[in-house]
Amino acid sequence: MMETVHVGLEGREYDIHIGPGLLAKSGALIGPMLARKQVCVVTDENVAALHLETLRAGLAADGIAMEALVLPAGESTKSWAYLEQTVEWLLSQRVERKDLVVALGGGVIGDLTGFAAAILRRGVGFVQIPTSLLAQVDSSVGGKTGINSPLGKNLVGAFHQPRLVLADIDVLGTLTLRDFLAGYGEVVKYGMLGDANFFEWLEAQGPALAAGDEAARIAAVKRSCEMKAEIVMRDETEQGDRALLNLGHTFCHALEAATGYGDRLLHGEGVAVGCALAFELSMRLGLCAQEAPSRVREHLRAMGMKVDLKDIEGDLPDADVLLDLMGQDKKVVDGQLRFILARGIGEAFVTADVPRDVVRQLLHEELERR
Ligand SMILES: NC(=O)c1ccc[n+]([C@@H]2O[C@H](COP(=O)([O-])OP(=O)(O)OC[C@H]3O[C@@H](n4cnc5c(N)ncnc54)[C@H](O)[C@@H]3O)[C@@H](O)[C@H]2O)c1
């Protein structure tokens, strides 16, 4: 069973195929788009060990030759140094404007490879083969590519849409539970920001999904991609509605910065904690009933996820420092913090109208509970 979500951006449209066994079918799916039967694949060492040979066989079945660059796994690979290595490697492989570069991996590999493709010879096409849940439901769709700067995350990049996305559900089977649940943070975000029915479905199906239920995984990835595609089509370059996708992210980015962008807090975990804080803040501002933050917390807790600041191990800075870190978020406009708040589950909106004191007090109380 293969599901397809179409991203209908004029002149840059593409399909997202979702289903089992897509690596094995990659040659048949990518082949028709190639000018010549060869591709360069960028991946990381974890993914390479588990899935690169399946991809090689899938491409070879259609007569497509493959060369691969295997980079270290982890966020620090999204850097100037590895961008240079990737671009120089692609040039040494004589990649031309009509070739396609393939990103096989999680969000780190997708963002880095997409950006390398965006700047190589002023832009070559690329295919996303996302292997983490986070990458399948979020980072591989929508065309945001980039690397981190020593001054902050994702500060250097380009909008460059992929030509095709292959979300092979089978590869999720080799993720650690922690990485799977971090990706689930982004899945549940879609329900919270714009689809109360999806949230309700996740409340019922979440445990089966985490346990490996294939049909539930396909349905969740498909609904997430549909929602992301719909928002990206409305607002590709984030002038307005696309910011809704950042529900929980203003808090998340501050917490990631405070914990060093590492193993203490994975991005998707930060998103989940950030969403719980965003709903709590919405309730305090009288925008939604107490039931909404309670339900959000209850579901995240039931899934075994991090929910509150007290679930983050080690020291955290005080509320003022966290507020300052929020001020360094890319979404700050004219020095004003922008938040995604909610009038209820599935009813998020963007606002700059949030008194700093209310945020400071919320953070202070949450930190006191640690
Ligand atoms: N471009 C966007 O729109 C967008 C959106 C959200 C997040 N992001 C970015 O995505 C990144 C996070 O992505 P991520 O969580 O996928 O991180 P990641 O790429 O580091 O992957 C997480 C870990 O899982 C491993 N892995 C990936 N697939 C695997 C598999 N099938 N089996 C076993 N291990 C596997 C990786 O090697 C890595 O160790 C961040 O840099 C974030 O900024 C980008």
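**Entry 1: the ligand and its contacts**

I took a polar contact to be a pair of N or O atoms within 3.5 Å. I then turned to the ligand, bearing in mind that this is a predicted model.

With that cut-off in hand, I looked up a nitrogen atom of the ligand and found it 2.9 Å from a polar backbone atom of lysine 144. I next examined the oxygen atoms of the ligand. Aspartate 44 places a polar side-chain atom 2.7 Å from an oxygen atom of the ligand. For lysine 78, I read a distance of 2.8 Å between a polar side-chain atom and an oxygen atom of the ligand. I then checked the surface: the ligand by itself exposes 860 Å², and the protein buries 88% of this area.

**Entry 2: the shell around the ligand**

I noted 25 residues surrounding the ligand. The closest are Asp44, Gly107, Thr131, Ser132 and Thr174. Sorting the shell by class, I recorded 9 charged, 9 polar and 7 nonpolar residues.

I also asked which elements give two or more residues to this shell. They are helix H2 (45–60), helix H4 (107–119), helix H5 (133–139) and strand E8 (152–159). H2 supplies the largest share, with 4 residues.

**Entry 3: strands E7 and E8**

Since E8 is among the elements that contribute to the shell, I followed this strand to its partner. Strand E7, residues 144–149, pairs with E8 in the antiparallel sense, and I noted 5 bridges between them. The two strands form a hairpin, with 2 residues between E7 and E8. Within the pairing, I located isoleucine 147 opposite valine 156 in E8. As a general reminder to myself, side chains in a regular strand alternate between the two faces of the sheet.

**Entry 4: positive phi outside glycine**

I looked up two residues for their backbone angles. Arginine 94 is not a glycine, yet its phi is positive, near 60°. I placed arginine 94 in the loop between helix H3 (80–92) and strand E5 (100–105). Is arginine 94 buried or exposed? I class arginine 94 as exposed because its relative accessibility is 62%, and exposed requires over 50%.

Tyrosine 261, likewise not a glycine, has a positive phi of about 50°. I found tyrosine 261 in the loop between helix H9 (249–258) and helix H10 (267–284). Its relative accessible area is 32%, so I entered tyrosine 261 as partly exposed. That class covers values between the limits of 20% and 50%.

Conventions:
Residues are numbered from 1 along each chain as its sequence is written. This is a predicted model: local features need pLDDT of at least 70, side-chain atom pairs count only at pLDDT 80 or more; totals for chains, interfaces and linings use all residues. Side-chain values use heavy atoms; hydrogens and water are left out. A residue is near a molecule or strand if one of its heavy atoms lies within 4 Å of it. A polar contact is a pair of N or O atoms within 3.5 Å; within protein, one must be able to donate a hydrogen and the other to accept it, and residues adjacent in sequence count only if both atoms are side-chain atoms. Accessible areas come from the Shrake-Rupley method with a 1.4 Å probe; for residues, only the protein chains shown count as cover. Ala, Val, Leu, Ile, Met, Phe, Trp, Tyr, Cys and Pro count as nonpolar, Asp, Glu, Lys and Arg as charged, and the others, Gly among them, as polar. Two strands pair if DSSP finds at least two bridges between them. Buried means under 20% relative accessible area, exposed over 50%, partly exposed in between (1.4 Å probe, protein chains only).
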